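Got the viewer open and a hand on the selection box? Let's walk through this one stop by stop, starting wide and then zooming in.

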Amino acid sequence: MKNLFLSAAIVLGGLTSFASTAPITNTIVKTIVVSDEYTEIKLEELPAPISEALKKAYPTAVITKAYKNEKSEYKLDVTVGDKVGNLFANADGSWIKK
């Protein structure tokens, strides 16, 4: 009888050790959005190397609008045939992938 009580106590004690609750942790996620603020410029203010690079890459392209940000990067709204899109370039005429 003594062994029965002792066995029951060991089994119940073993089961309660696994029934502990996990501490609740709060996770804070910070999202940082980096957006380059472009301001519209006149097409005449567009550097010549960008215009020349565009003529080489897309001879039939027409620039509809041009924008510039603080890092002297340029965003061009371009129309090629019936397609409209954006191109990004540095002041020296090299293309930027965004």
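What follows is a tour of a predicted model, with something to select at each stop.

**Stop 1: the whole chain, coloured by confidence**

Start with everything shown and colour by pLDDT. The mean over the protein is 82, and 71% of the residues reach 70 or more. Where is confidence lowest, and where is it highest? Select helix α1 (residues 2–17) for the low end, with a mean of 61, and then β2 for the high end, at 94. Where pLDDT is low, the predicted coordinates should not be read in detail.

Now switch to cartoon. You should count two helices and five strands, and tracing the chain along the sequence gives α-β-α-β-β-β-β. Turn on a surface if you like: the protein exposes about 8,200 Å², with carbon and sulfur atoms supplying 60% of that. Of the 98 residues, 22% count as buried.

**Stop 2: the sheet**

Select the strands and hide the rest. They form an open sheet of five, in the order β1-β2-β3-β4-β5, with antiparallel pairing. Look at the two ends: β1 (39–41) and β5 are the edge strands, each with a single partner, so one side of each has no neighbour in the sheet.

Next, go through some of the pairings:

- β2 with β3: the two are antiparallel over six bridges. Pick Lys 68 and you will find Tyr 74 in β3 as its bridge partner.
- β3 with β4: this antiparallel pair runs over eight bridges. Val 80 has Lys 83 in β4 as its bridge partner.
- β4 with β5: here the antiparallel pairing has two bridges. Phe 88 sits opposite Ile 96 in β5.

While you're here, check the turns. The β2–β3 hairpin has four residues between its strands, and Ser 72 in that turn has a positive phi of about 60 degrees. The hairpin of β3 and β4 has two residues between the strands, and Gly 81 there takes a positive phi near 65 degrees.

**Stop 3: helix α2**

Bring back residues 48–57, which make up α2, and show side chains. Which residues of this helix are buried? Ile 50, Ala 53 and Leu 54 are. They lie on the same side of α2, because they cover an arc of only 100 degrees around the axis. The general rule is worth having in mind: an α-helix has 3.6 residues a turn, so residues three or four places apart point the same way.

Spin to the face turned away from that buried side and you'll see the exposed residues Glu 52, Lys 55 and Lys 56. Then spin back and ask what covers the buried ones. The cover includes β2 (62–68), β3 (73–80), β4 (83–90) and β5 (95–96).

**Stop 4: the core**

Select Ile 41, Leu 46, Ile 50, Leu 54, Ala 61, Ile 63, Ala 66, Tyr 74, Leu 76, Val 78, Leu 87 and Ala 89, and show them as spheres. These twelve residues are the largest nonpolar core. α2, β2, β3 and β4 each put in at least two residues, and the largest share, three residues, comes from β3. In soluble globular proteins, nonpolar side chains tend to be buried together.

Two members make good close-ups. Centre on Leu 46: beyond its neighbours within four places in sequence, it is in contact with Ile 41, Ser 51, Ile 63, Ala 66, Tyr 74 and Leu 76.

Then jump to Val 78, in strand β3. Is Val 78 buried or exposed? At 4% relative accessibility, Val 78 counts as buried. Not counting residues up to four places away in sequence, Val 78 touches Ala 61, Val 62, Thr 64, Lys 83, Val 84, Gly 85 and Leu 87. Try a distance, too: Val 78 and Ile 63 are 15 residues apart in sequence, yet 4.6 Å apart C-alpha to C-alpha.

**Stop 5: the far end of the sequence**

Finish with Lys 98, in the segment after β5. At 53% relative accessibility, Lys 98 counts as exposed. Draw one last distance to Phe 88: ten residues separate the two in sequence, and 7.4 Å separates their C-alpha atoms in space.

To close, put the contact map up beside the model. Among contacts between residues at least 6 apart in sequence, 43% join residues at least 24 apart.

Note on methods:
Residues are numbered from 1 along each chain as its sequence is written. This is a predicted model: local features need pLDDT of at least 70, side-chain atom pairs count only at pLDDT 80 or more; totals for chains, interfaces and linings use all residues. Side-chain values use heavy atoms; hydrogens and water are left out. Buried means under 20% relative accessible area, exposed over 50%, partly exposed in between (1.4 Å probe, protein chains only). The arc is that of the directions from the helix axis to the C-beta atoms. Contact means heavy atoms within 4.5 Å. A nonpolar core is a set of buried Ala, Val, Leu, Ile, Met, Phe, Trp, Tyr and Cys residues joined through side-chain atoms within 4.5 Å. Two strands pair if DSSP finds at least two bridges between them. pLDDT is the predictor's confidence in each residue, from 0 to 100. Accessible areas come from the Shrake-Rupley method with a 1.4 Å probe; for residues, only the protein chains shown count as cover.
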